[in-house]
Amino acid sequence: MSARTIMVQGTASHAGKSVLTAALCRIFYQDGYRVAPFKSQNMALNSFVTADGGEMGRAQVVQAEAAGVPPSVDMNPVLLKPTGNASSQVVVLGRPLDNYTAWDYHQELAGKLWGEVTAALGRLRGSFDIVVIEGAGSPAEVNLQDTDIVNMRVARQAGAPVLLVADIDRGGALAAVVGTLALLSPGDRSRVKGIIINKFRGDVSLFQPAIRFLEQKTGVPVCGVVPYFNNLYIQDEDSVVMEKKNYRAADNSGKVEIAVLRLPRISNFTDFDPLESEADVHLRYVGRDDILGQPDLVIIPGSKNTIEDLLYLKQSGLAGAIVRLARRGVPVIGVCGGFQMLGQELKDPEKTESSIEHILGLGLLDMQTIFAKEKVTSQVKAVVVGDGAFLGGYGGPLTGYEIHMGRTELGTGARPAFIINTRSGRQVHVPDGAQSNEGTVWGTYIHGIFDNDAFRRQMINVLRKNKGLDTEGQAVIISTEQKKQAGYDRLAGLVRQSLDIQLIYRLMGL
């Protein structure tokens, strides 16, 4: 029997579709169903690598975790990774296809990918009881309806009832709902079976007249009003959240301060969520207009366009500030693209990522990187081979994943920081990353390295010691996995209380 379906669409981007989809996945999972998320086309720079080496959007990984199932590229068959203005790398079923302009993608390619979308959806429907489908942007974007492979065309294909979500926190939610429905064709409008008001602040009882208006005006029931919430430890794939995390704490006397560079094309910034969750860490994102100051650690994150983002660091003055801090002994870490920036030079002879073929790096590690079209995507296991205060003495295993398009060669003044011993389940012996002679500057291609709880805690305690803070009593290791699972449960509880879940079950025929 084919799985039942429900689809979550929004009146606009950032209405909360991804989080509500994750909540429904968790609720159905708690109720004993085999559940899978699905988003046919996602645009994001935060991605993940599955066990078989396929790349997919981070939001669908979060939803799969909430559903209690391993992530699969079928859950996100088309991933668009922006490389610059109006251009993206297109990843299909986990593998990069090529870079396309927005015009070429929508006019030439999108329609050809419909077969991949329907096949992936069909495989999920044949393996699960319920598939929770997420739309993208708004279904009322009339300029994109002819090439739609992510909103109402998917709802029609799946026979899915649609829940329309509006973000009341940004204002204009009632007009957004009424306007969205008015712009849909009669057939698509009839597919909208429920309305959800999201991110509500205040007394819901005062909102009842608005609910009655919406139901009378549209003929569609309001399934519920979800309150504004945060601090549930649900990973976000949208870089907008970083703008709220750039403040400098007035008093960091009992904490270590970690500054993450907010690159224009930052990718996989969820790498640093586990650091932010530590009670004795103040983590902030620093961009061109922010003050870097005197942090205890600087991290340069991944980037979808490493050379362009390195140029941004140089033009903004942040590159010089980082080098000065490093020369004074402040630790600097680079992850993936940020690791590549730490070297002497970066070369892109085939213009894989940028039109710039050569640029000097920050010169903090003796190495160079050459970009190539081949993309490395794999889950990995590794061990530390570096030394010094940060890496030395850690003998435990590490897990993470690689997503990069470059080969880094070390000079005589650098040595590997890690050895990858398993790639996508195969035994290997591959040096990874590099560290300086002093050990205060190091980098790695391994995303998710700070999800390793004991490794993360050791690093924070080194920073505490460097700052003259007591490390006694700071040995409590927070389980990132347990914290995530608890967050999904709290999210499900909040949404279950806010929505008419029985109505949603009836809409699905369950």
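**Close-up views**

Leu 93 has a relative accessibility of 24%, so it counts as partly exposed. Buried would call for under 20%. Like every view below, this one comes from a predicted model.

**View A. Leu 93, a loop residue with a positive phi.** Leu 93 sits in the loop that links strand S7 (87-92) to strand S8 (95-101). Its phi is near 50 degrees, which is positive even though the residue is not a glycine.

**View B. Ser 424, another non-glycine with a positive phi.** Here the loop in the frame runs between strand S23 (418-423) and strand S24 (426-432), and Ser 424 is part of it. The phi of Ser 424 is about 50 degrees. What is its relative accessible area? The value is 25%, so Ser 424 is partly exposed.

**View C. Helix H4 and its buried side.** Helix H4 covers residues 114-125, twelve in total. From first C-alpha to last it reaches 16 Å, close to the 16 Å expected at 1.5 Å a residue. Pick out Trp 114, Val 117, Ala 120, Leu 121, Leu 124 and Arg 125: these are buried. Why do they end up on the same side of H4? Because they span an arc of only 135 degrees around the axis. As for what they pack against, the partners are strands S1 (4-10), S2 (35-38), S6 (78-84) and S9 (130-134), along with helix H5 (152-158).

**View D. The largest nonpolar core, with Ile 504 in focus.** This core holds 86 residues. The residues with the most contacts inside it are Phe 28, Phe 38, Tyr 105, Ile 133 and Ile 504. Helix H1 (residues 17-30) supplies the largest share, seven residues. Leaving aside residues up to four places away in sequence, Ile 504 touches Ile 6, Leu 24, Phe 28, Leu 163 and Leu 499. Elsewhere there is a second, separate core of 69 residues, with Val 298, Val 384, Phe 390 and Ile 460 among them.

**View E. Strand S11, mostly covered, with S10 and S12 as parallel partners.** Seven of the nine residues of S11 (192-200) are buried. Strand S10 (162-167) is joined to S11 by six bridges and runs parallel to it; look for Asp 167 opposite Asn 198. Strand S12 (222-227) also runs parallel to S11, through four bridges, and there Ile 197 faces Val 225. Put helix H8 (residues 208-218) between S11 and S12, and you have a right-handed β-α-β unit.

**View F. The six-stranded open sheet.** Reading across, the order is S15-S13-S16-S18-S26-S25, and the pairing is mixed. Which strands stand at the edges? They are S15 (281-286) and S25 (434-435); each has a single partner strand, so one side of each lacks a neighbour in the sheet. Strand S13 (residues 256-261) meets S15 in parallel through six bridges, one of the bridge pairs being Leu 261 with Val 286.

**View G. Strand S18, covered on both faces.** In a regular strand, side chains alternate between the two faces of the sheet. In S18 (residues 332-335), Val 332 and Gly 334 lie on one side, Ile 333 and Val 335 on the other, and all are buried. Strand S16 (residues 297-300) pairs with S18 in the parallel sense over three bridges, with Ile 300 standing opposite Gly 334. Strand S26 (residues 441-444) also runs parallel to S18, over four bridges; the S26 partner of Val 332 is Val 441.

**View H. His 447, tucked into the loop between S26 and H14.** Is His 447 buried or exposed? Its relative accessibility is 1%, so His 447 counts as buried. Beyond the residues up to four places away in sequence, His 447 touches Asn 268, Asp 271, Val 335, Cys 336, Gly 400, Tyr 401 and Ile 403.

**View I. Helix H14, largely enclosed by the rest of the structure.** Ten of its 14 residues are buried, including Asp 453, Phe 455, Met 459, Ile 460 and Leu 463. Three arginines are also on the buried list: Arg 456, Arg 457 and Arg 464. The end C-alpha atoms of H14 (residues 453-466) are 20 Å apart, which agrees with the 20 Å it should span at 1.5 Å a residue. After H14 comes Gly 468, with a positive phi near 80 degrees.

Note on methods:
Residues numbered from 1 in each chain as written. Predicted model: local features only at pLDDT ≥ 70, side-chain atom pairs only at ≥ 80, totals over all residues. Heavy atoms only, no water. Helix = DSSP H or I, 4+ residues; strand = E, 2+ residues; numbered from the N terminus. Expected span 1.5 Å × (residues − 1). Buried < 20%, exposed > 50% of the residue type's maximum accessible area, 1.4 Å probe, protein only. Arc of directions from axis to C-beta. Contact = heavy atoms within 4.5 Å. Core = buried A, V, L, I, M, F, W, Y, C linked by side-chain atoms within 4.5 Å. Pairing = 2+ DSSP bridges. Right-handed = clockwise from strand over helix to strand, strands pointing away.
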